[in-house]
Amino acid sequence: MPAVLSQALCMSLVPAISEARIQNKQAMLSGRSAMGFKMAILVGLPSAVGMYILAEPIIKLLYSSGLEANELVLGGQLLRILSIGILFLTMVQTMTGILQGAGYQNRPVINLLFGAIVKVVLTIVLVRIPTLNIQGAAIGTAACYGIAGVLDVISVVRRTKPDIRFLSGFVAPIISTAAMGAAAWFLYGRLSASHGNTSSVLVTILAAVLVYAVLLFLTGALKREDMEYIPGGGRITRLMTRLGLWRP
């Protein structure tokens, strides 16, 4: 699901960045690149934290009828490791859209190649360690996207010079994600003690999404001008305007 959202974001960024490049407007290019970077953080960070916290419950929800208890635990451990790579995967897809729109189509491919090499080497080495075994493959995958994501961010910063706002681009998303993660951890712990895993996970995820969305607006992480880059952003803008939270 995070990959679906970031892919949609990537598709919306390519024409926006291309327009700024063709018109040779550096300020527009920097602003839209910064917007893409912030959107990647807003999508990837809560997805990674939420899946890390609820890794084992999610595995139980999906595979409780097909796996043994020890296999469910191992599946949760693997998903927890892979969740670390979600933020970087989101970065890879979003930064790829920015670089492609800016005319550097080959750079994301080269960066991902470096990540793939790291994945292959780490997987070969780590899966041979008895205490890690299959977890080594998950670590290799997370490292692959980590390397590629960092290289893509460096490439974007060098080539488009994004005007990233520290408070709305970093601080506000981190605060919102931390509060969402705490709410998810607390709520699932309470619900799972008296309800089944399936209902507890679904209610917790829904509540976490609502908490995160509200906090994005309260902290100023998500603003009216951000909506054009979000699928369904027009409907959100109309709703917020109708509620009187944004000016027409």
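**Exercise 1. Ser155**

Task: In this predicted model, decide whether Ser155 is buried or exposed, and find which residues it contacts beyond its neighbours within four places in sequence.

Solution.
- Step 1. Place the residue. Ser155 lies in helix H6, residues 135-160.
- Step 2. Take its relative accessible area, which is 5%. Buried means under 20%. Ser155 is therefore buried, at 5%.
- Step 3. List the contacts. Leaving aside neighbours within four places in sequence, Ser155 touches Leu99, Arg107 and Asn111.

**Exercise 2. The pair Phe166 and Phe170**

Task: Classify the ring pair Phe166 and Phe170 as stacked, edge-to-face or tilted, and say how Phe166 and Phe170 are placed along helix H7.

Solution.
- Step 1. Count the pairs. The structure has 2 aromatic pairs. In the pair of Phe166 and Phe170, the ring centres are 6.1 Å apart.
- Step 2. Check the angle. The planes of Phe166 and Phe170 meet at 40°. Stacked needs under 30 degrees and edge-to-face needs over 60. The pair is therefore tilted.
- Step 3. Check the spacing. Phe166 and Phe170 are 4 residues apart in H7, so about one helical turn separates them. An α-helix has 3.6 residues a turn, so residues three or four places apart point the same way.
- Step 4. Compare accessibility. Phe166 is exposed at 57%. Phe170 is partly exposed at 29%.
- Step 5. Extend the group. Ring pairs join Phe37 to Phe166 and Phe170 in a cluster.

**Exercise 3. Helix H7**

Task: Compare the span of H7 with the expected value, locate its kink, and name the helices its buried residues pack against.

Solution.
- Step 1. H7 has 27 residues. At 1.5 Å a residue, 39 Å is expected. The span from first C-alpha to last is 38 Å, close to that value.
- Step 2. The kink is about 25° and lies at Ala172. Pro173 follows shortly after.
- Step 3. Ala172 and Pro173 are both among the buried residues of H7. Others include Ser168, Gly169, Met180 and Tyr188.
- Step 4. The buried residues of H7 pack against H2, H3 and H8.
- Step 5. Look from H3, residues 55-63. Its buried residues are Ala55, Pro57, Ile58 and Ile59. They pack against H2, H4, H7 and H8.

**Exercise 4. Charges over rings**

Task: Which rings lie under the charged ends of Arg80 and Arg159?

Solution.
- Step 1. The charged end of Arg80 sits over the ring of Tyr52, 5.5 Å from its centre.
- Step 2. The charged end of Arg159 sits over the ring of Tyr104, 5.2 Å from its centre.

How values were computed:
Residues are numbered from 1 along each chain as its sequence is written. This is a predicted model: local features need pLDDT of at least 70, side-chain atom pairs count only at pLDDT 80 or more; totals for chains, interfaces and linings use all residues. Side-chain values use heavy atoms; hydrogens and water are left out. Buried means under 20% relative accessible area, exposed over 50%, partly exposed in between (1.4 Å probe, protein chains only). Helices (H or I, at least four residues) and strands (E, at least two) are DSSP runs, numbered from the N terminus. Contact means heavy atoms within 4.5 Å. Rings of Phe, Tyr and Trp (its six-membered ring) pair if their centres lie within 6.5 Å; planes under 30 degrees apart count as stacked, over 60 as edge-to-face and the rest as tilted. A charge sits over a ring if NZ of Lys or CZ of Arg is within 6 Å of the ring centre and within 35 degrees of the ring normal. The expected span of a helix is 1.5 Å times one less than its number of residues. The bend at a residue is the angle between axes fitted to the seven residues ending there and the seven starting there.
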